Amino acid sequence: MRSFQLLNENIEVFGNYDKNSKSYTWLIKEVQPQIVKWKEQYLSNNTNKSMAVKDSLILVPLSRYYTKYNELKLKYGKEMVKIWPENTDPIKFVYEDVAIATYLLLLWDEKQTSQSEHTKKAVNFVDVGCGNGLLVYILTKEGHRGLGVDVRKRKIWDMYEDNINLQENTVTPENLQMFAEYDWIIGNHSDELTPWIPVIATLSSYTCNFLLLPCCAYNFNEADNEKPNITTSDSTHTHESNAEPEDKWLIRECDIYKEEYKECTSFRGRFQQYFVYGELQDCKQWKKDYDNCCKWEDYKELKAAEALIKSEKNRRMERLRAHYRNDTWKKRESPPADWDKPLPEWMAKRDENTYLAYKSKEMKEGVSEKDKNGVCAIM
């Protein structure tokens, strides 16, 4: 774990590192100069404004954070990445939740520093919009009592132990007081619930705390949140249950578009965009694709599906732009006329004992797997 710190007006690298490693060289030669450049630009644009630089981990000891993070990373991170069943990027989601869990565990421990280890109490927490539930899993495994609530169950939920409390439920203004027994309300990329997290904490108890990590701008006005206009009116949605769009295979799972939008608008995403392109990228198309995907999945809106497929084709065309602009090689429109002619004798001889040769022979002779008595030998 490494970070940059502002010490006596100098930007320094902090953490455990090998000065001969590639990552250290990259940090010093590439990242640090870019951060200095941003700092100078920011100062030049804010010369008449009062500024205060604050550490994002100011509530917990930095040295303890690095130690704890590496401990949890080894304890949970690597194994979770290996078994990750979701379609989302495990590297991003696993280690991001490990980092959040580290911060919370240290924060809760700091609040009970005056107590002995025997008198410290487990924190009762609820993660509203818990998604994959990994944060709930880690905090529960570390000795606290928690609940994760999300509108949709994830595949990974079935892989957790029975004591990991995850519920498929919808949080609405009518049931905001359902978390009165909890000490902490967590909103980690909780989307539309983001502005409601402080409200939930206030209604739960005057002693209830909350941690809010918003990914996107949401407020109490649904119209400003740019959510899909979903109603059950037949005049709004045309239910064409038998209509299927062409190239439907291009449509991905809706959660993928949602996560792409989150990643694009996140701090890490913005950092990467500015570093690579020198400016922020427009993320609106991911949001439109997610909305259209929801309309197609929930209401079979053919127009939404067609718009989504068009977006996917545009995205693919942009990615392959250089390929299609290549006029050096003439592209085939069909396979060669003799594409299925027999292999040269030397090649057939070379490959006669390969697995593909055996399977080809079986198919030609009409031998099925059921007709064979398989034998497995472990040497």
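## Starting at N132

Let's begin in the loop between β3 and α4, where N132 is found. This is a predicted model, and in it N132 is buried, with a relative accessible area of 11%. Setting aside neighbours within four places in sequence, N132 is in contact with W84, F93, D97, R154, I156, W157 and Y160. A couple of those names will come back further down.

## The chain as a whole

Stepping back, the protein chain has 12 helices and 7 strands. It runs to 379 residues, and 36% of them count as buried. The chain exposes about 25600 Å², with carbon and sulfur atoms supplying 51% of that area. If you look at contacts with a separation of 6 or more, 61% of them are between residues 24 or more positions apart.

How confident is the predictor? The mean pLDDT of the chain is 80, and 80% of the residues reach 70 or more. Among the elements, α4 has the highest mean pLDDT (95), while strand β1 (residues 2-7) has the lowest (63). Then there are residues 226-241, where pLDDT stays under 50; the model has 28 contacts beyond four places in sequence for this stretch.

## Helix α4, on the inside

Is helix α4 enclosed or open? It is largely enclosed by the rest of the structure, because 7 of its 8 residues are buried. The buried ones are L134, L135, V136, Y137, I138, L139 and T140. They pack against quite a list of elements: helices α2 (62-83) and α3 (90-110), plus strands β3 (124-128), β4 (145-150), β5 (166-168) and β6 (184-188).

Take I138 as an example from this helix, which covers residues 134-141. I138 counts as buried because its relative accessibility is 0%. Beyond its neighbours within four places in sequence, I138 is in contact with Y76, D97, V98 and A101. D97 is also one of the contacts of N132. As for A101, it sits 37 residues from I138 in sequence, yet the two C-alpha atoms are 6.8 Å apart. Just after α4, G143 takes a positive phi of about 105°.

## Charges that pair up

Side chains of opposite charge can pair when their charged atoms come close. The count here comes to 24 salt bridges. One of them joins K68 and E142, at 3.8 Å from N to O. K68 lies in helix α2 and E142 in the loop between α4 and β4, so this pair ties together parts that are 74 residues apart in sequence. K68 counts as buried, at 18% relative accessibility.

K141, in helix α4, forms another salt bridge, this time with E161, and their closest N and O atoms are 3.2 Å apart. Because E161 lies in the loop between β4 and β5, the pair ties together parts 20 residues apart in sequence. K141 is partly exposed at 38% relative accessibility, and E161 is partly exposed too, at 33%. There is also a network: salt bridges that share partners join K68, E71, K75 and E142.

A more local case is K92 with E96, a salt bridge at 3.5 Å from N to O. Both lie in helix α3, 4 residues apart, or about one turn of the helix. An α-helix has 3.6 residues a turn, so residues three or four places apart point the same way. K92 is buried, with a relative accessible area of 6%, whereas E96 counts as partly exposed at 25%.

## Rings, and charges over rings

A search of the whole structure finds 9 aromatic pairs. Y65 and Y66 make an edge-to-face pair, 6.2 Å centre to centre with 75° between the planes. Both are buried: Y65 has a relative accessible area of 5%, and Y66 comes in at 7%. Y137 and Y160, on the other hand, are stacked, at 4.9 Å centre to centre and 20° between the planes. That pair links distant parts of the chain, with Y137 in helix α4 and Y160 in the loop between β4 and β5, 23 residues apart. Y137 is buried at 10%, and Y160 is buried at 7%. Y65 and Y66 also join Y69 in one aromatic cluster.

Rings can have a charge for company as well. K92 lies over the face of F93, 4.2 Å from the ring centre. Over at W296, the charged end of K300 sits over the ring, 4.6 Å from its centre.

Notes
Residues numbered from 1 in each chain as written. Heavy atoms only, no water. Helix = DSSP H or I, 4+ residues; strand = E, 2+ residues; numbered from the N terminus. Buried < 20%, exposed > 50% of the residue type's maximum accessible area, 1.4 Å probe, protein only. Contact = heavy atoms within 4.5 Å. Areas by Shrake-Rupley, 256 points an atom, 1.4 Å probe, with all protein chains shown as cover. pLDDT = per-residue confidence, 0-100. Salt bridge = Lys/Arg side-chain N within 4 Å of Asp/Glu carboxyl O. Phe/Tyr/Trp six-rings, centres within 6.5 Å; stacked < 30°, edge-to-face > 60°. Lys NZ or Arg CZ within 6 Å of the ring centre and 35° of its normal.
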